[in-house]
Amino acid sequence: MEITTIRYFLSVAKHLNFSQAAEENNISQSSFSKAIMRLERDLGVKLIDRSRHPIALTPAGKCFYDRMLVIEPQFQEAMDELTNFTKGETIRLFICPKSYQYKMALEEFLQKETGIRIQVDETSDITAVSDAIRSGKYDFVISPKPFDLPEDVRATVLYDDALYLLVSASSPLATNPEVSLKDLNGQDFYEAKYTKLLVLELAHRFGFTPNCVYPTDDKTARREEAIHRISLKMGVGIYSSRDLRPYRNANMRCIPIREMTSFPVMLLERTVEKESAAKHRFRRWITENLVKYVPERLDVEKFNKKTTGQ
């Protein structure tokens with residue numbers, strides 16, 4: 001549960017209208033609605049009665065609203081007070097997906113570049129990236145290239161990557177030299193949190209229909225579990241080549257996806273924002289150094305030779 005999501009809830013509780021609340025927060029209504037639903041899932045209770053017109057707060061929603069009205073300003077006040085203990089400029093950064101490699105890179109940056117603070121928000125939902133850029137709340141976004149890249153955004157490639165289909169070595173797909181996303185109609189997918197949302201977005205944009213994307217409902221799986229289940233022929237998965245390097249000895253085969261041979265990770269920033277010395281230092285450092293913290297791209301030929309015992 002993030003403070004941004006709490007602010008979204010307070011906004012919709014005030015307006016009792018998703019469209020007006022989304023507009024107030026400078027994000028799309030679809031992304032706003034998803035954020036509220038994620039909050040309800042995290043809390044395990046319905047906050048909004050959507051069956052009524054206009055919408056209304058449930059009893060639990062009213063209770064939560066009353067409490068958050070008190071807590072949210074106190075949180076903001078605490079953050080403002082903490083800012084007074086330090087000097088220098090804050091870089092507001094949005095990251096997709098969550099990554100310990102990025103965390104390590106940022107730690108080194110802060111050690112070497114004094115006088116700069118970094119405020120980080122993270123998401124596993126690639127569809128939230130474009131809204132994050134448009135909102136103006138962030139100086140930079142680090143993410144795979146969004147499917148909808150706003151026109152007023154400067155995009156700098158930090159490192160290139162590609163998406164691959166991961167299948168069991170005994171799968172009928174394992175002998176394919178490559179696949180198209182449309183070839184994946186009717187397949188069962190087993191995915192970690194980020195790749196599950198990515199597969200659903202790819203299906204929407206490229207017109208294929210998975211039979212099922214596991215885990216179902218609101219459940220999530222760790223990448224290690226999802227890949228192990230793929231090796232047991234319980235489904236297929238879509239992963240970036242760099243994420244697959246630790247699993248190259250598993251009983252699996254990696255197949256290039258024709259439409260996703262390039263899926264670069266980018267540094268995104270709005271062109272209308274004012275430049276500063278801190279932004280210049282961050283941009284230069286992250287562009288030159290982030291790639292050192294991520295695994296090298298997968299050698300698909302070696303991966304598949306090992307998995308087939310050649």
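On a 1 Å grid over the protein atoms alone, a cavity is a set of points where a 1.4 Å probe fits but cannot get out, and a lining residue has an atom within 4 Å of a point. The structure searched this way is a predicted model, so local features need pLDDT of at least 70 and side-chain atom pairs count only at pLDDT 80 or more, while totals for chains, interfaces and linings use all residues. Residues are numbered from 1 along each chain as its sequence is written, and side-chain values use heavy atoms, with hydrogens and water left out.

The search turns up one cavity of 30 Å³ or more. With grid points joined across faces, edges and corners, and volume taken as the space filled by probe spheres set on the points, the largest cavity holds about 30 Å³. Its walls are made by Ala 132, Ile 133, Tyr 138, Asp 139, Phe 140, Val 141, Leu 268, Glu 269 and Arg 270. Helix H6 (129-135), strand S5 (140-144) and strand S12 (265-270) each give two or more residues to this lining; helices (H or I, at least four residues) and strands (E, at least two) are DSSP runs, numbered from the N terminus. S12 chips in the most, with three residues. Sorted by class, the cavity lining has six nonpolar, no polar and three charged residues. Here Ala, Val, Leu, Ile, Met, Phe, Trp, Tyr, Cys and Pro count as nonpolar, Asp, Glu, Lys and Arg as charged, and the others, Gly among them, as polar.

Two of these cavity-lining strands, S5 and S12, also turn up in an open sheet of five strands, in the order S4-S3-S5-S12-S6 and with mixed pairing. Strands pair if DSSP finds at least two bridges between them. At the edges sit strand S4 (116-122) and strand S6 (153-159), each pairing on one side only. From one strand to the next, the twist averages 25°, with axes being lines fitted to C-alpha atoms and angles running from 0 to 180 degrees between N-to-C directions. Strand S3 (residues 89-95) runs parallel to S5, and three bridges join the two. Phe 140 of S5 is the bridge partner of Leu 93, and Phe 140 is also among the residues lining the cavity.

A second open sheet has three strands in the order S10-S7-S11, with antiparallel pairing. Strand S10 (237-240) and strand S11 (252-256) are its edges, each with pairing on one side only. Ignoring direction, neighbouring strands in this sheet are turned by 40° against each other on average. Strand S7 (residues 163-168) and S10 run antiparallel and are joined by four bridges. Leu 165 stands opposite Ile 238 in S10, and Leu 163 has Ser 240 as its bridge partner there. In a regular strand the side chains alternate between the two faces of the sheet. Although S10 is an edge strand, both its faces are covered: Gly 237 and Tyr 239 on one side, and Ile 238 and Ser 240 on the other, are all buried (under 20% relative accessible area with a 1.4 Å probe, protein chains only; exposed means over 50%, partly exposed in between).

Pockets come next, a pocket being an open set of grid points with protein on both sides within 12 Å along at least five of seven lines. The largest one takes in about 1000 Å³. It is lined by 38 residues, with Lys 34, Ala 35, Arg 38, Thr 123 and Asp 125 lying nearest its centre. H1, helix H3 (29-43), S4, H6 and helix H7 (193-206) each supply two or more lining residues, and the largest share, eight residues, comes from H3. By class, this lining divides into twelve nonpolar, nine polar and 17 charged residues.

The second largest pocket has a volume of about 860 Å³. Of its 32 lining residues, Pro 97, Lys 98, Ser 99, Arg 223 and Asp 243 lie nearest the centre. Helix H5 (100-112), H7, helix H8 (223-231), S10 and helix H9 (241-244) each give two or more residues, and H7 has the largest share, with four. The class split of this lining is 18 nonpolar, six polar and eight charged residues.

That leaves helix H1. Buried residues of H1 are Thr 4, Thr 5, Ile 6, Tyr 8, Phe 9, Leu 10, Ser 11, Val 12 and Ala 13. Just after H1, Leu 16 takes a positive phi of about 50°.
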